[in-house]
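Me: I'd like to learn how to read a model like this one, feature by feature. Could you walk me through it?

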Amino acid sequence: MAGRVVQVVADGSILPLYLPANGGLLAAVSLMAAGWDGTDADCPGFPSDGSWTVRHEGFTAWP
């Protein structure tokens with residue numbers, strides 16, 4: 001998965017956490033889903049030819 005940062009604890013176990021490296025991916029997806037100021041289309045970052053079915057909830061357009 002892009003942006004995944006693995007933390008290894010002293011005993012050798014893996015501690016899966018959300019870390020800032022994932023923020024870029026989440027920001028890109030929110031822009032693709034909700035758009036930015038001046039976009040009128042729903043999900044402007046995804047193809048509109050029907051090849052994608054996108055549902056999103058709670059995203060607002062970026063300024």
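Me: Where does cysteine 43 lie relative to H1?

Reply: Cysteine 43 sits in the segment after H1. Keep in mind that this is a predicted model. The phi of cysteine 43 is near 55°, a positive value in a residue other than glycine.

Me: Is cysteine 43 buried or exposed?

Reply: Buried means under 20% relative accessible area. Cysteine 43 has 9% relative accessibility, so it counts as buried.

Me: Which residue follows H1, and what is the sign of its phi?

Reply: That residue is glycine 35, and its phi is positive, near 90°.

Me: Let's step back to the overall layout. What pattern does the protein follow along the sequence?

Reply: Read in sequence order, the pattern is β-β-α, built from one helix and two strands. Of the 63 residues, 13% count as buried. The accessible surface is about 4900 Å², and 59% of that belongs to carbon and sulfur atoms.

Me: How do I check the geometry of H1, and what span does it reach?

Reply: Compare the end-to-end distance with the one expected from the rise per residue. H1 has twelve residues and reaches 16 Å from its first C-alpha to its last, close to the 16 Å expected at 1.5 Å a residue.

Me: Which residues of H1 are buried?

Reply: They are Ser30, Ala33 and Ala34. These residues cover an arc of only 75° around the axis, so they lie on the same side of H1.

Me: Why do residues three or four places apart point the same way in an α-helix?

Reply: Because an α-helix has 3.6 residues a turn.

Me: Let's take one of those buried residues. What does the side chain of serine 30 make a polar contact with?

Reply: Its partner is the side chain of tryptophan 62, at 3.0 Å. Serine 30 belongs to helix H1, residues 23–34, and is buried, with a relative accessible area of 8%. Setting aside residues up to four places away in sequence, serine 30 touches Gly35, Phe59 and Trp62.

Me: Phe59 is on that list. Which residues does phenylalanine 59 touch?

Reply: Again not counting residues up to four places away in sequence, phenylalanine 59 touches Ser30, Ala33 and Ala34. Phenylalanine 59 itself lies in the segment after H1 and is partly exposed, with a relative accessible area of 38%.

Me: How far apart are phenylalanine 59 and alanine 34 in sequence and in space?

Reply: They are 25 residues apart in sequence, while their C-alpha atoms are 5.6 Å apart in space. Across the protein, among contacts between residues at least 6 apart in sequence, 29% join residues at least 24 apart.

Me: Trp62 came up with serine 30. Which residues is aspartate 37 in contact with?

Reply: Beyond its neighbours within four places in sequence, aspartate 37 is in contact with Trp62 and Pro63. Aspartate 37 is placed in the segment after H1 and counts as exposed at 53% relative accessibility. Aspartate 37 and threonine 60 are 23 residues apart in sequence, and their C-alpha atoms are 9.8 Å apart in space.

Me: Now the aromatic rings. How many aromatic pairs are there?

Reply: Look at the distance between ring centres and the angle between planes. The count comes to one aromatic pair. Phenylalanine 46 and tryptophan 52 form a tilted pair, 5.3 Å centre to centre with 50° between the planes. Phenylalanine 46 is buried, with a relative accessible area of 16%.

Key
Residues numbered from 1 in each chain as written. Predicted model: local features only at pLDDT ≥ 70, side-chain atom pairs only at ≥ 80, totals over all residues. Heavy atoms only, no water. Helix = DSSP H or I, 4+ residues; strand = E, 2+ residues; numbered from the N terminus. Buried < 20%, exposed > 50% of the residue type's maximum accessible area, 1.4 Å probe, protein only. Polar contact = N/O pair within 3.5 Å; in protein donor to acceptor, adjacent residues only side chain to side chain. Contact = heavy atoms within 4.5 Å. Phe/Tyr/Trp six-rings, centres within 6.5 Å; stacked < 30°, edge-to-face > 60°. Expected span 1.5 Å × (residues − 1). Arc of directions from axis to C-beta. Areas by Shrake-Rupley, 256 points an atom, 1.4 Å probe, with all protein chains shown as cover.
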